[in-house]
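Here are my notes on this one, as numbered points. Have the model open alongside while you read.

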Amino acid sequence: MDTGFVSDKLTVYFDDPFWVGVFEHVDNGKLSVAKVIFGAEPKDYEVQEFVIRNYCRLKFSPAVDTVVKESKRNPKRLQRDAKKTVLGKGIGTKSQQALKLQQEQNKIERKVKSRERKEEEELRLFKLKQQKKKEKHKGK
């Protein structure tokens, strides 16, 4: 396996009720995935425009080890494989694992932020109660 191998792949499929795009980025045997929900069926030019404008903003999942096969392939074979992939199950299992890992990370981040907001709110309310107690005692 060549250590300098980099590959990007976009798979667009229908996941009822939306069209979903899965970006797979392989770099040095590590697979990262980003998922985008298009909504209505995107036209080819819309997908191309999306990639050009938003690729740098995509939030890719943490890298997962993968086996990369690098070889010259016949263009007709590639076309047949692409058609088979489109008609097949959509995203591969490595991609699903990477997406799941990304979802878990997002879930953890959300929980941490939520906990921090809750603690800040509790501290604010506590200080407010303390201030009201002081004002009450000054009034007597």
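**Notes on the model**

1. Starting with one arginine: R115 sits in helix α3, where helices are DSSP runs of H or I with at least four residues, strands are E runs of at least two, and both are numbered from the N terminus. R115 counts as partly exposed because its relative accessibility is 47%. The cut-offs are under 20% relative accessible area for buried, over 50% for exposed and partly exposed in between, with a 1.4 Å probe and protein chains only.

2. Some housekeeping before going on. This is a predicted model, so local features need pLDDT of at least 70 and side-chain atom pairs count only at pLDDT 80 or more, while totals for chains, interfaces and linings use all residues. Residues are numbered from 1 along each chain as its sequence is written, and side-chain values use heavy atoms, with hydrogens and water left out.

3. Now the overall layout. The chain has three helices and four strands, and from the N terminus the elements run β-β-β-α-β-α-α. Of the 140 residues in the chain, 21% are buried.

4. The four strands make an open sheet with the order β1-β2-β3-β4 and antiparallel pairing. Its edge strands are β1 (6-15) and β4 (64-65), each of which pairs on one side only. Pairing here requires that DSSP finds at least two bridges between two strands. As a reminder, strands of a sheet pair through backbone hydrogen bonds, either parallel or antiparallel.

5. Take the β1 and β2 pair next. Strand β2 covers residues 18-27, and ten bridges join β1 to β2 in an antiparallel run. If you want to check the register, V12 stands opposite G21 in β2, and F14 has W19 of β2 as its bridge partner. The hairpin that joins β1 to β2 does so through two residues.

6. On to β3, which spans residues 30-39: nine bridges join β2 to β3, again antiparallel. G21 turns up here too, with V36 as its bridge partner in β3. The hairpin of β2 and β3 has two residues between the strands, and N28 takes a positive phi near 55 degrees there. That backbone angle of N28 is an easy one to look up in your own viewer.

7. Salt bridges: the count comes to four, taking a side-chain nitrogen of Lys or Arg within 4 Å of a carboxyl oxygen of Asp or Glu as the rule. One of them pairs R53 with E49 at 3.9 Å, N to O. Both residues lie in helix α1 (residues 44-54), four residues apart, about one turn of the helix. R53 counts as exposed because its relative accessibility is 55%, whereas E49, with a relative accessible area of 39%, is partly exposed.

8. Which parts does the bridge between K59 and E109 tie together? The two side chains meet at 3.5 Å, N to O. K59 lies in the loop between α1 and β4 and E109 in helix α3, so the pair ties together parts that are 50 residues apart in sequence. K59 is partly exposed at 48% relative accessibility, and E109 is partly exposed with a relative accessible area of 35%.

9. Another salt bridge joins the side chains of E121 and R124, at 2.7 Å, N to O. Both lie in helix α3, three residues apart, about one turn of the helix. E121 is partly exposed with a relative accessible area of 36%, and R124 counts as partly exposed at 45% relative accessibility.

10. Last, the charged patches. K100, K107, R110, K111 and R115 form a positive surface patch, while E116, E119, E120 and E122 form a negative one. Patch residues have over 30% relative accessible area and no salt bridge, with like charges joined within 9 Å. Lys and Arg count as positive and Asp and Glu as negative, leaving out His and the chain ends. Each charge is placed at NZ of Lys, CZ of Arg, CG of Asp or CD of Glu, and the accessible areas come from the Shrake-Rupley method with a 1.4 Å probe. From the negative patch, E119 lies in helix α3 (residues 93-139) and counts as partly exposed because its relative accessibility is 47%.

Methods
Patches are made of residues with over 30% relative accessible area and no salt bridge: like charges are joined within 9 Å, nonpolar side chains (Val, Leu, Ile, Met, Phe, Trp, Tyr) within 5 Å.
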